[in-house]
Amino acid sequence: MGKVAITILIIGFCISLDYSKAAPLFLENGKEYYKLGLHLDILEDPTKELTIHDVNTKKWAKKFVTSKEEVPNFGFSKSAFWVRFKIKNKTQHKKWFLSQNYYYHDEVILFRKVQGHWKSKKTGDMYPFSTREVDVRPITFSIAPGEEDLYFLRVQGSINQLQLSLATPTKFSIDENRETYALGLFFGLVLSMVAYNAFIFFSTGSSSYIYYVLYVFFYGLFLAHFNGFTQIHLFRDLPWMNNNGTLLWVGGTSLFLSFFTINFLGLRDSTPKIYKIFVFLSFTSFLVMISSIIFPFYINIRIYTIHSLLALPIIFYTAIYRVKMNYRPAKYYLFAFSLMIIGTFTMTLIPFDIIPSNAFTNKAGLLGNALELIFLSMGLADKFNLIQKESLQKEIEYTRKLKISSLKEKETYRQLQIVHNQLLVANEDLETKVEKRTIELNKSLNQLKSFTEERSNFFAKLSHELRTPLNSILGFSNILLEENSKGSEVNKFNKDEYLNCVISSGNTLLGLINEVHDITKLDLGKLKLNYNSFSLKNLLNNISTYLISECEKKGLLFYFKMDETLPTNIILDELRLKQVLSNLLENALKFTDDGFISLKVSSQNSGDKVDLKFVIEDSGPGINDKEIGLIFDEFYSNSLEKEKSDKATFSSGIGLYITKKLVEKMDGQIFVKSKLKKGATFEIILKDVKPDTKEVEEGKIKLSYDFLSNQILIADDHEQNIKLLKAYLSESNLIIEVATNGPELVEKATKLRPKLILTDVKMPIYGGHEALKGLRKKDETKNIPIVGISAISLHEDVKKEFSDFLNKPVSKETIIKTLKKYLGYKEFEASSLDKKPAALFALKSDLESKENDILIQMRKHFKKDLELQDITNIETYCSQLKNEIKNTKLEYLNQWLDQIILKANIFEIDYINRILKDAIAAIDNFLEGK
């Protein structure tokens, strides 16, 4: 009796776990195909972390929702979706094919319980095609349902549709062959159109045909991918192509469709404004192709959808407009694209769940696309015939007029013969000139192509090189941040090493950006030299110190010689001179593996000025005669650099170009001598350099400042920028208020009336420039100095509207110098900062019991903060405490609390520990006196 009761309990428990809401699917004799849409229970998993065991628990099982559609469509979603369905097999068929007929799911996993354990089968277009259990286009699983089986399916992708069906192998094979046959006819038509029109292009040379061929080729690839053919036939083991690859075909389709439309409809001459729109569409189509390589698929598919929804109405409008202009080929174009737009628009709306996904909507575009290709081909033929007919009519008209003219006046005919002969001679002369000019243009074109390839190669390498230091900066910063958040102390040696790596990578990144910035300025003719007085000997000593260290690492000798006649100080652009010498020395260092590098500097008096001569020599591999005249060309990479490319040596190809331009900017000359395997010698001569008799001040004492007007307002939407400015000003007594957008800046400036405003120009809602205009209109804020800060180039007229303007990156010295300009200040030696007293925690004797209770709680909280060392908690409590002591006799402690909050923002833990200990001691003494 006991066993029966236990059995009943077990059965009841198992039944209680069955939360199926949808009706089970009954497989009956005589029926070989079923749609599962209305037999599904569906659960969305935004976390993508639920397992098969989770979804079988009571908590999640009851959250499944029964499907109300034959093809459930979830549109764009990053979630995973769990599908539950039950099959009761009442037929003789033991083997069935379960198919997901939507081809773009990243991952599909089928679960079935076997002998008390969940077994799974996994595949999807993020996996090689070899993971497919059945070698067909749809994602298909072979199952053998028993009398009653419960299945789970987990699907995940950028666009989520559930086109689930169940069929016997025979029925599945028949249906798949039928659809493959129909699609094969369509793609056969595509290949025929490509071959036929390519032949016509090679026969006639008409550019309309080649644009049409390329358009059809890319569009055919896109449709083949959309219908699962490329996955099974072209890219079986290339999951990336089966995802992002589709955007390459889409971008190419749109690109060559734009070119074809411009040429076929004659937009350049007939409708210049529409022509510019299609040029823009061509550019955005190219960006779609680039984005498919850079961004993940779920972003790319949105970009493509938006692009299509914008482009299709423009194409349709253009065709109607040209029809109204009585341009006959436009009728073919309009009719063809009317069919294509209907089909394409239908497919475009499916991911948004605006129309249902079914066999008709998924394939609706094929017939329209087929007719579109046929009618466009007919339109091309008609356009070609029209051009020939117009040419023939012009020729006939010309001949007719010529005959009439000949009959009426023989003298005129004779003169025409003379003119004709002259025209023949002129034509021959013109042909000669055209041929000569064509040769020149071809040469220029080849040079332009070479330049374009070199520039593209440069930016490709530059993109990689920018990521390398950025990866180092982010990586080491995260390590330090993680260690700090865990409360553990990073080993000082490691910490210093990490920070040095961050600084080094930052300098590398800045150098690359500056290099691109320099070449842009040079190309635009906007690079200006900043002449000032500096110590030439100090500059050369600093450069040589660095080179000695680097040469030692490579086992090289470094020789450095300065003539005693060199002037101590000169007036020149120090930064650009250092850039020139560093470029040449680092170039020598890069290519010299054995021997030496030398730097010799001499001068020769020329009246009250001097001529400087810099000679840089190395024992490297040298430069061959063919390349020695090209090394200063823009984006040129010599053979040695190409040999080193497999060692990840980055050469932008613009270092020597910039060097030569800078030398010429300084009214100098640069020469190079070299022979293979005998090294190279670069010689720079700067004439008429003016010496400076004033001594350059060295070893200045580092100062810190207390500002007399100590409240300022900083506006920036990036927290890191605000923290950096606060860190720059941490040693001063400034009270810093913060705004993160334009409206908040205006509101706080009006309320607080700070003595100075530092604002980023570009911020959310509206930026610093718009805020400036608003503040200048108010009497209470119109006289506040406002300093603009920006990383982008602005027009000079905009900059002049600010009291001052700073370009990012901004140094600490620049910020301090700007504040000194607008605020009164006192100077302190940096060495005396540690001796400078903090704001005193002094307690008045007339405090009452209410204030005593607050002090007891402060002491308790501060003691706990000293134990936990939680900076965030200290900052939060001090902010709360300011509100708590408001309207009490302790309100005068607000300045002391502001100082703690300021130091917490820049993580000065030692400083905070010291003043908290002082505060606890002061509270203890006060309470003991009570």
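In this predicted model, Val601 stands opposite Phe614 in strand E18, and that facing pair is a convenient place from which to begin reading the structure. The two strands concerned, E17 (residues 596–606) and E18 (residues 609–618), pair in the antiparallel sense over 10 bridges. E17 and E18 form a hairpin with 2 residues between them, and in the turn Gly607 has a positive phi of about 70°.

E17 also pairs with strand E15 (residues 557–562), here in the parallel sense and over 6 bridges. Within this pairing, Leu557 has Phe596 in E17 as its bridge partner. Strand E17 therefore takes part in two pairings, a parallel one with E15 and an antiparallel one with E18.

Helix H17 (residues 574–591) has 18 residues, and from its first C-alpha to its last it reaches 26 Å, close to the 26 Å expected at 1.5 Å a residue. At the N-terminal end of H17, Asp573 acts as a cap, with a side-chain oxygen that lies 3.2 Å from the backbone nitrogen of Leu575. The buried residues of H17 include Leu577, Val580, Leu581, Leu584, Leu585 and Leu589, and also among them are Arg576, Gln579, Ser582 and Asn583.

Turning to charged side chains, the count comes to 15 salt bridges. The table sets out three of these pairs with the distance between their nitrogen and oxygen atoms.

| Salt bridge | N to O distance |
|---|---|
| Arg112 and Asp149 | 2.6 Å |
| Lys553 and Glu550 | 3.2 Å |
| Lys782 and Asp779 | 3.7 Å |

The side chains of Arg112 and Asp149 meet in a salt bridge of 2.6 Å. This pair links distant parts of the chain, since Arg112 belongs to strand E8 (residues 107–114) and Asp149 to strand E11 (residues 149–156), 37 residues apart. Arg112 is partly exposed, with a relative accessible area of 23%, whereas Asp149, at 14% relative accessibility, counts as buried because that value is under 20%.

The salt bridge between Lys553 and Glu550 has another setting, for both residues lie in helix H16 (residues 536–554), 3 residues apart, about one turn of the helix. An α-helix has 3.6 residues a turn, so residues three or four places apart point the same way. Lys553 is exposed at a relative accessible area of 64%, while Glu550 counts as buried at 18% relative accessibility.

In the pair formed by Lys782 and Asp779, the closest N and O atoms are 3.7 Å apart. Lys782 is partly exposed, with a relative accessible area of 38%, and Asp779 counts as exposed at 60% relative accessibility. Elsewhere, salt bridges that share partners join Lys86, Lys88 and Glu148 into one network.

Finally, the cysteines may be considered. How many disulfides are counted in the model? The count comes to 0 disulfides, a disulfide being a pair of cysteine sulfur atoms within 2.5 Å. Two cysteines can be described by their burial: Cys551 is buried, with a relative accessible area of 1%, and Cys878 is likewise buried, with a relative accessible area of 0%.

Methods:
Residues are numbered from 1 along each chain as its sequence is written. This is a predicted model: local features need pLDDT of at least 70, side-chain atom pairs count only at pLDDT 80 or more; totals for chains, interfaces and linings use all residues. Side-chain values use heavy atoms; hydrogens and water are left out. Buried means under 20% relative accessible area, exposed over 50%, partly exposed in between (1.4 Å probe, protein chains only). Helices (H or I, at least four residues) and strands (E, at least two) are DSSP runs, numbered from the N terminus. A salt bridge is a side-chain nitrogen of Lys or Arg within 4 Å of a carboxyl oxygen of Asp or Glu. The expected span of a helix is 1.5 Å times one less than its number of residues. A polar contact is a pair of N or O atoms within 3.5 Å; within protein, one must be able to donate a hydrogen and the other to accept it, and residues adjacent in sequence count only if both atoms are side-chain atoms.
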